[in-house]
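Student: Could you go through this protein with me? I would like to start with the whole and then look at some details.

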Amino acid sequence: MTVSVEPTEKSAASAGDQGAAQVLRPHAEDAFAAELAALAAQDDRPRPERWRLSPWAVATYLLGGTLPDGTVITPKYVGPRRIVEVAVTTLATDRALLLLGVPGTAKTWVSEHLAAAVSGDSTLLVQGTAGTPEEAIRYGWNYARLLAHGPSRDALVPSPVMRAMSEGMTARVEELTRIPADVQDTLITILSEKTLPIPELGQEAQAVRGFNLIATANDRDRGVNDLSSALRRRFNTVVLPLPESAEAEVDIVSRRVDQIGRSLDLPAPPDGTDEIRRIVTVFRELRSGVTEDGRTKLKSPSGTLSTAEAISVVTSGLALAAHFGDGVLRPSDVAAGILGAVVRDPAADRVIWQEYLEAVVRERDGWKDFYRACREVSV
């Protein structure tokens, strides 16, 4: 039921296409430029100020669909439509958007694609860490100019948030709860008053229409740097859930693995859906603490075993199969990746994994090869 299934005017389309073909991971607005252009050309619905697309078209871009002229828009997110509609609608108001969820629920992916569809630029980004300074959200200084001429607008270096305010665009703050609490609260005035004071100059930077902010946070980080109640009130929180069904998760993994494989020029493998389904089953059972049939209780390991980790395991397995095998995804290609995802705590998680192998995997019809491959790397 969830996660994804990836200011300034961009330079000429031809130059952008060449750049997108050369970089390892193009920005969303470059990788899906054709889809965004097709949506813009056929989008006759009202658009908020400085939005590239209407809210309806933004939702269509994320969820996928077929346009009247036959253009197919690929899904970027697989999950409830209402979640996307609420997120898009929030950005059309004066409330900022907080995407909350466990690791691997596509928070960053959704954030990037929302910014790309709304503003045509997903790069106005602040990456939250324990060392993120206040200047990353407010502004810094060009010290050579500062020393030579004193405080001035020319000496000021705007943050991505400040740039978004001045240009009416969407800024992004990743891993908000990783940022120290006093730095987080820098956002309060920005989000409530839509202004950024510059006391050194006796001035302020005011946001123009079209500005908004998307933040992401991992709900397993509660207690790291919890948001103050004042800051939390400035956000509309949208929780991105884990996939509801195994089939939905298999679909998500398959789509993303296909996209990543093409970007890495991996040979197109024969259908690996059965192996993907097996990996998803393992992750879902260990994550929930019970087998699919509900008959056997299981201990859950310390890792998240998210959809994103399943995508990583399958992608690594496909690379092994392509470069050191016959191109067919087999249990031996994914066993080491599964072990690395499950066993984060070498002591406790290894015991949990061994018990799962012997009590569940070993007894399943059609899983003998998978059991042997996992046993070999687990010894």
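Tutor: We will talk through the overall build, then one helix, and then one buried residue.

Student: Okay, how many helices and strands are there in the protein?

Tutor: This is a predicted model, and in it the protein has 17 helices and 11 strands. Its radius of gyration is 23 Å, close to the 21 Å that the globule rule gives for 379 residues, so the protein is as compact as a globular protein of that length.

Student: And what percentage of the residues count as buried?

Tutor: Of the 379 residues, 49% count as buried, while the protein exposes about 17600 Å², with carbon and sulfur atoms supplying 51% of that area.

Student: Switching to helix α5, which residues are buried there?

Tutor: In α5, which runs over residues 81-91, the buried ones are Ile83, Val84, Ala87, Val88, Thr90 and Leu91. They cover an arc of only 160 degrees around the axis, which puts them on the same side of α5.

Student: Why would that happen in a helix?

Tutor: An α-helix has 3.6 residues a turn, so residues three or four places apart point the same way.

Student: What covers the buried residues of α5?

Tutor: The cover includes the helices α4 (55-63) and α6 (107-119), together with the strands β3 (96-101), β10 (212-218) and β11 (235-239).

Student: New topic: is Arg278 buried or exposed?

Tutor: Arg278, which is found in helix α13 (residues 273-288), has a relative accessible area of 13%, and because buried means under 20%, Arg278 is buried.

Student: What is Arg278 in contact with, leaving aside neighbours within four places in sequence?

Tutor: With those left aside, Arg278 is in contact with Pro331, Gly366, Trp367 and Phe370.

How values were computed. Residues numbered from 1 in each chain as written. Predicted model: local features only at pLDDT ≥ 70, side-chain atom pairs only at ≥ 80, totals over all residues. Heavy atoms only, no water. Helix = DSSP H or I, 4+ residues; strand = E, 2+ residues; numbered from the N terminus. Rg over C-alpha atoms; globule rule 2.2 N^0.38 Å. Buried < 20%, exposed > 50% of the residue type's maximum accessible area, 1.4 Å probe, protein only. Areas by Shrake-Rupley, 256 points an atom, 1.4 Å probe, with all protein chains shown as cover. Arc of directions from axis to C-beta. Contact = heavy atoms within 4.5 Å.
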